[in-house]
Amino acid sequence: MPNSIERVLQAALAAPFYFGQILIQKTSTGGFVLSHRDDEGRNDLQTFRSTEDAIDIAKYDDAGNYRPLKTAPNLRRGWRLELATLAELKCALDYFYSGRLDVFVAWKSGQLHTTPLRQTLDRQSGMYRIAAKISDEQADRVVGDFCRSDGGCLRTILWKRDTRGTVSSTKLPSEKFDPDFDQAAARAPSSACAEATADKTTAATIPLLCQEACNLLIAECRKVVKGE
Amino acid sequence: MTSDDSALLIVAHGSTVNPASSAPTLAHTTEIRRRKVFADVGCAFWKEEPSLRDALFLFDSQSVREVYVVPNFISEGYFTQTVVPRELGLKGRTTKRSDGQIWKYCEPVGNHPLMTDLLLRRAHQIAAGIPESETSLLIVAHGTDLNENSAAAAKREAEKIRSLGKYAAVLNVYMEEPPLVSDWRKLTKTRNVVVVPFFISDGLHSYEDIPALLGIANQLSARLRSAGRHTARQANSSHAARGEIFRHNPYAIDNRSLSYAPSIGTDPGVADIIIEQAANFDAES
């Protein structure tokens, strides 16, 4: 029996769909093909067939640098991942964007709790305790820079700055907080991407939802407080 | 513990700079998932994704009644006692969520008695054919860790293996406090020496720092240069070359034969220990 994530995927697979920078398409034989969304139409892609290949594809960017934030808009290109079953698809997507499908399902079912940035900061201990000293103005700037979709992170922010409901950053466009908006489309298109635009699939999107500031953002707040 | 409504969550540190840090945890997760011991198996990291906070949403409360949380850490300390419980909202050994799901916080991997067998097996494999009775075994930990007990854990393991009387000598050594790993020539008397890092994953310590302290890092660079495979700089910078240090055993150095193993946490046998720690939770309750 398919679990709740597989049911969500089944529904989404009525047509090709985007998940972050990945395009997911169903094949005529019931399998699935994943590729970088900017590689659509290319026929020179390296083919992989194991769910575990997703771990290595997601690990480094095109320049060979380690990707500590998997939802950063720097997924490498040039690959095609062929999978046979829905369970494999779920597993591979979880390797690409760990935890994001679970958070999406929790959000769809009304079970997702969001945590304001101030609460996340106040919870820290050890070397990160000092991050709570960040001012509202500094936090506004850090979040606006670190979390921006064009070069920072493709997640849709659902958390607020504080319990009063203050927007997490005034520096970000309102679409950054809208689960219906395709964050990957917010990037400044590269020339290769622009060339391919004419043949692009019209695809639905499963958003990469962000329910709470990540450890990387907390580390950035710490740096600002310490003046690094 | 039943497989139809119990899940396993493996929690680990992870890293924002070292991709090898999470690799063993991901491998153990995949292996345990393959065995179908649990209805669902996930992992979460302090420094990587999914985060410890994401883990709160990994298991469907409709189908999963119990979640066994096993820390993939070498010892108890700041992370197992402060960070993991805080981030996961654990109230003690057992936590009942508002949706009725029960979370069971198990002992860290490094505490399990099977770690001793794993160390013995790895030491034997890395120096196959070399008589253990003529060999000194060194268990390396970091030392001076902030509020971590890995140094004490390495000492405990060395004592347990020493009591078996298999090796000529068994020593716990540290990178940053005496007895220092860099003093291995003075600390050991046998011709054969086997070194096993007591870490949960490979990384800068096992790839570069300990080899430098042992004096085998330069040997590897020279070998690679003479084989025309890499310059030393290329060898250090390429991802593939980082594990190269483990593929040239034994090292001949100062009339000694030194064998150097990958970190103990990379051993596939850790998957068995993770399952055992979950099973032990109920046995000890």
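## Nonpolar cores and the domain contact in chain B

In this predicted model, the largest nonpolar core holds 44 residues, and Leu9(B) and Leu88(B) touch the most other members. Both chains contribute to this core. From chain A, α5 (117-123), α6 (136-146) and α8 (215-226) each supply at least two residues. From chain B, β1 (6-12), β3 (66-71), α2 (78-88) and β5 (102-105) each do so too. A second, separate core has 43 residues, including Phe45(B), Ile74(B), Met115(B) and Leu118(B).

Leu9(B) has many partners beyond its neighbours within four places in sequence. Among them are Gly42(B), Ala55(B), Phe59(B), Val67(B), Leu88(B) and Trp103(B).

Chain B is assigned two domains: domain 1 (6-110 + 268-284) and domain 2 (112-266). Their contact in figures:

| Feature, domain 1 of chain B and domain 2 of chain B | Value |
|---|---|
| Separation of centres, over C-alpha atoms | 28 Å |
| Buried area | about 1,800 Å² |
| Share of buried area from carbon and sulfur atoms | 58% |
| Residue pairs in polar contact, both at pLDDT 80 or more | ten residue pairs |
| Salt bridges | zero salt bridges |

The contact draws 23 residues from domain 1 of chain B and 24 residues from domain 2 of chain B. Which residues of domain 1 of chain B lose the most area to domain 2 of chain B? They are Ile74(B), Gly110(B) and Ile273(B), together 29% of what that side buries. Ile74(B) also belongs to the second core.

On the side of domain 1 of chain B, α1 (23-35), α2 and α9 (270-284) of chain B give two or more residues. The largest share, five residues, comes from α9(B).

Key
Residues are numbered from 1 along each chain as its sequence is written. Chains are lettered from A and ligands numbered from 1 in the order in which they are written. This is a predicted model: local features need pLDDT of at least 70, side-chain atom pairs count only at pLDDT 80 or more; totals for chains, interfaces and linings use all residues. Side-chain values use heavy atoms; hydrogens and water are left out. A nonpolar core is a set of buried Ala, Val, Leu, Ile, Met, Phe, Trp, Tyr and Cys residues joined through side-chain atoms within 4.5 Å. Buried means under 20% relative accessible area, exposed over 50%, partly exposed in between (1.4 Å probe, protein chains only). Helices (H or I, at least four residues) and strands (E, at least two) are DSSP runs, numbered from the N terminus. Contact means heavy atoms within 4.5 Å. Domain bounds come from an automatic or database domain assignment. Buried area is the accessible area (1.4 Å probe) that two parts lose on being put together, summed over both. A salt bridge is a side-chain nitrogen of Lys or Arg within 4 Å of a carboxyl oxygen of Asp or Glu. A polar contact is a pair of N or O atoms within 3.5 Å; within protein, one must be able to donate a hydrogen and the other to accept it, and residues adjacent in sequence count only if both atoms are side-chain atoms.
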